[in-house]
Amino acid sequence: MFHSARIKLTAWYLFIIMLISISFSIVVYGILSQEVDRFARLQRIRYERFQSDATGNEIVIPAPLPPTEMDQELIDASKQHIVNLLVITDIGILFFAGGVGYFLAGRTLQPIKAMVDEQRRFIGDASHELRTPLTALKSSMEVHLRDKNLEIKEARELIANNIVEVNRLQALSDSLLQLAQYEHPNNGYHFEHVNLKTLATEICAKLKPVTAKKHITLKNEVSSISIEAVPESLKELLIILLDNAVKYSPPKSEVVLQAKKTDGSVRISCADHGIGIEAKDLPHIFDRFYRADIARTTTQEAGYGLGLSIAKRVVRLHHGNITVESKPHLGTTFIVTLPVKQ
Ligand code: ADP
């Protein structure tokens, strides 16, 4: 598909360039052939004047060039020569423009190809992630449906389990939608003044049930800093980081959220004393659907590996930067740096 689009685009480039080039050649030919005719006419006049001077009837100033027999054949040959030169030039342009056009068409289509490849991968990953829980749901319902002695208690249990699965699927589809939204960062995001302390207090209150469940102490050490941001997106970012910190921390541990103003930027950090991330996983944790082995094997927590890729896109939307420092079994710190307008 990409190759045929490239050929088509090259053909369009060539068509436009050759249209201009041939029109230009026609104009040049018209002008030059007129010049040849004019030159021939002038030569003829000079020759005739010279002739009349020779018979003594007229005085000619200045003295003419040696008379040349103006030959129509010579004029036609000159015109033919101009045509040949123009045709050769046009053929040269055709080949040159073909090569350059093919190269430029490739360059023009490259970002589109990258986008299409990315979308294909996205759809592939998403459908793969959706298929597994849907298949599990379907088969468990089919098994229970075939059971003639199914009791109401078992049926209730099945429905309760299925609701948990459906909730997870709902969370997955919400995350996929968010991710798709952030693929178009200019899509109507409204930046406004946001006070980080107010925002962090609101989020910490929201996460209270989650932290209370694991007896985790969530320390809010965010200073009162005002930044230009998209409030909902910034909330999402902090929720993702704090939710992960709680999710991957042992019970009764501590999670600290800090925000400090530095030169022209604000540094937000979220630190935990949880399972940590191995060095080999660190370069991949912001990739879509990536889950580190240590997270899969040491925790029961559900996750689809989409949170950090959404976080990365939120940070990009705010022209900031996100990094991570982590040691397995010791803890993890995510650091977000966002620019602050002076
Ligand atoms: P998930 O839904 O799996 O948490 P994320 O995209 O939020 O997806 O995180 C990707 C992976 O990064 C996680 O599966 C986990 O392995 C690792 N990770 C993220 N945050 C932490 C953390 N605070 N501590 C340890 N590992 C983490």
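**Salt bridges and the ligand shell**

In this predicted model, a network of salt bridges links E118, R121, D125 and R288. Side chains of opposite charge can pair when their charged atoms come close. Within the network, D125 and R288 meet through their side chains, with an N to O distance of 3.4 Å. D125 belongs to helix 2 (residues 72-146), while R288 sits in the loop between strand 5 (265-272) and helix 7 (293-298), so this pair ties together parts that are 163 residues apart in sequence. The two partners can also be described by their accessibility. D125 has a relative accessible area of 27% and is partly exposed, whereas R288, at 15% relative accessibility, counts as buried; the cut-off for buried is under 20%.

The loop that holds R288 also contributes to another pair. A salt bridge joins the side chains of D293 and K280, at 3.5 Å from N to O. This pair links distant parts of the chain, with D293 in helix 7 and K280 in the loop between strand 5 and helix 7, 13 residues apart. D293 is partly exposed at 41% relative accessibility, and K280 is likewise partly exposed, with a relative accessible area of 48%.

A further salt bridge lies within a single helix. E35 pairs with R38, their closest N and O atoms being 3.4 Å apart. Both residues belong to helix 1 (residues 2-55), and because they are 3 residues apart there, about one helical turn separates them. E35 counts as partly exposed at 38% relative accessibility, as does R38 at 40%. Over the whole structure, the search finds 12 salt bridges.

Attention now turns to the ligand. It is surrounded by 21 residues, of which N244, Y248, D272, R291 and L308 are the closest. By character, the residues of this shell divide into 12 nonpolar, 6 polar and 3 charged. Helix 6 (231-247), helix 8 (307-317) and strand 7 (331-339) each supply at least two residues of the shell, and helix 6 provides the largest share, with 3 residues.

Several side chains place polar atoms beside the ligand. For N244, a polar side-chain atom lies 2.7 Å from a ligand oxygen atom, and for K247 the corresponding distance to an oxygen atom of the ligand is 3.1 Å. D272 instead approaches a nitrogen atom of the ligand, with a polar side-chain atom at 2.9 Å. Taken alone, the ligand exposes 530 Å², and the protein buries 98% of that area.

Notes: Residues are numbered from 1 along each chain as its sequence is written. This is a predicted model: local features need pLDDT of at least 70, side-chain atom pairs count only at pLDDT 80 or more; totals for chains, interfaces and linings use all residues. Side-chain values use heavy atoms; hydrogens and water are left out. A residue is near a molecule or strand if one of its heavy atoms lies within 4 Å of it. A polar contact is a pair of N or O atoms within 3.5 Å; within protein, one must be able to donate a hydrogen and the other to accept it, and residues adjacent in sequence count only if both atoms are side-chain atoms. Accessible areas come from the Shrake-Rupley method with a 1.4 Å probe; for residues, only the protein chains shown count as cover. Helices (H or I, at least four residues) and strands (E, at least two) are DSSP runs, numbered from the N terminus. Ala, Val, Leu, Ile, Met, Phe, Trp, Tyr, Cys and Pro count as nonpolar, Asp, Glu, Lys and Arg as charged, and the others, Gly among them, as polar. A salt bridge is a side-chain nitrogen of Lys or Arg within 4 Å of a carboxyl oxygen of Asp or Glu. Buried means under 20% relative accessible area, exposed over 50%, partly exposed in between (1.4 Å probe, protein chains only).
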